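Thank you all for making the time this morning. I would like to walk through one structure with you, going from the chain as a whole to a sheet and then to a patch on the surface.

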Amino acid sequence: EKPNNKKIFVKHKPRRDLSPQQQPTMLSARTAAFVQVRFASGMRFTKTHEWVKADGTVGITDHAQKALGDLVFVDLPAKGADFDQKGTLAVVESVKTVSDVFAPVSGKVVEVNTNLAQNPTLVNKSAETDGWLAKLKVRRHTTHTPRQASWLKLCASAALAALAEGVVPTVQTVGATLRAHTLKWGSTTKRANHDQHTHTQMTKLDEFESLLNEEDYKKHCEEEEKHPHH
């Protein structure tokens, strides 16, 4: 299925000090969707039934608390402790079993939910809101090839050059600066167009964005219920 790249308007106030050609312009639906995902405050989920928000708040899912039963103890991490993704972040004990809680993303603990010490069943009552376990300062991991990294540095330089000239760094203004630089460096237009195409096709994936969204997590839970031993 081809991605919908229909042009959509991004609301903004016109800059009076800029000409019509310099005003911020439209973003493609693909770009707008990427921005929404990148800076979303929504949840992501793991296949081991943890959830995490973009701000680093972590907990177990409602699906997990139902499977565990009433909690009687929650062993929370120490403030300042550092965890890699999939490391054991906490331990929850219920009337049925004891279960590890794994860090859905890498980060340092900046806060824990002290309410759980006296009231662990808060997780049962509100697993995905008030029953959160800890808050992490998330370590971002963005993966790029060397070629993509070089292109990103070039784009950043072009955006700074545009700002220095008093121009808003939109898609068009950055593109114009890039074209000027590539011509100055003696690069061919064909090569520059190829590099730009490579950049637009690349994916930026970090730990948070690689986790399951709500719809995919629901499907995962349904599959687990159908095949409990897999």
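Helices here are DSSP runs of H or I with at least four residues, and strands are runs of E with at least two, both numbered from the N terminus. On that basis, the protein chain comes to nine helices and 11 strands, and I should say at once that what you are looking at is a predicted model.

Taking the chain as a whole, 34% of its 230 residues are buried, while the area it exposes is about 14,800 Å², with 54% of that supplied by carbon and sulfur atoms. If we consider the contacts between residues at least 6 apart in sequence, 60% of them join residues at least 24 apart.

Let me turn to the sheet. Six strands form an open sheet with antiparallel pairing, in the order 3-4-5-11-10-7. Strand 3, residues 43-45, and strand 7, residues 82-83, stand at its edges, and because each has a single partner strand, one side of each is left without a neighbour in the sheet. Within this sheet, strand 10, residues 107-112, runs antiparallel to strand 11, residues 134-138, and the two are joined by five bridges; Glu111, for instance, has Lys135 of strand 11 as its bridge partner.

Finally, the surface. Val72, Phe73 and Val95 make a nonpolar patch of about 290 Å². Phe73 belongs to strand 6, which covers residues 71-75, and with a relative accessible area of 46% Phe73 counts as partly exposed, because that class lies between the 20% limit for buried and the 50% limit for exposed.

Key: Residues are numbered from 1 along each chain as its sequence is written. This is a predicted model: local features need pLDDT of at least 70, side-chain atom pairs count only at pLDDT 80 or more; totals for chains, interfaces and linings use all residues. Side-chain values use heavy atoms; hydrogens and water are left out. Patches are made of residues with over 30% relative accessible area and no salt bridge: like charges are joined within 9 Å, nonpolar side chains (Val, Leu, Ile, Met, Phe, Trp, Tyr) within 5 Å. Accessible areas come from the Shrake-Rupley method with a 1.4 Å probe; for residues, only the protein chains shown count as cover. A salt bridge is a side-chain nitrogen of Lys or Arg within 4 Å of a carboxyl oxygen of Asp or Glu. Buried means under 20% relative accessible area, exposed over 50%, partly exposed in between (1.4 Å probe, protein chains only). Contact means heavy atoms within 4.5 Å. Two strands pair if DSSP finds at least two bridges between them.
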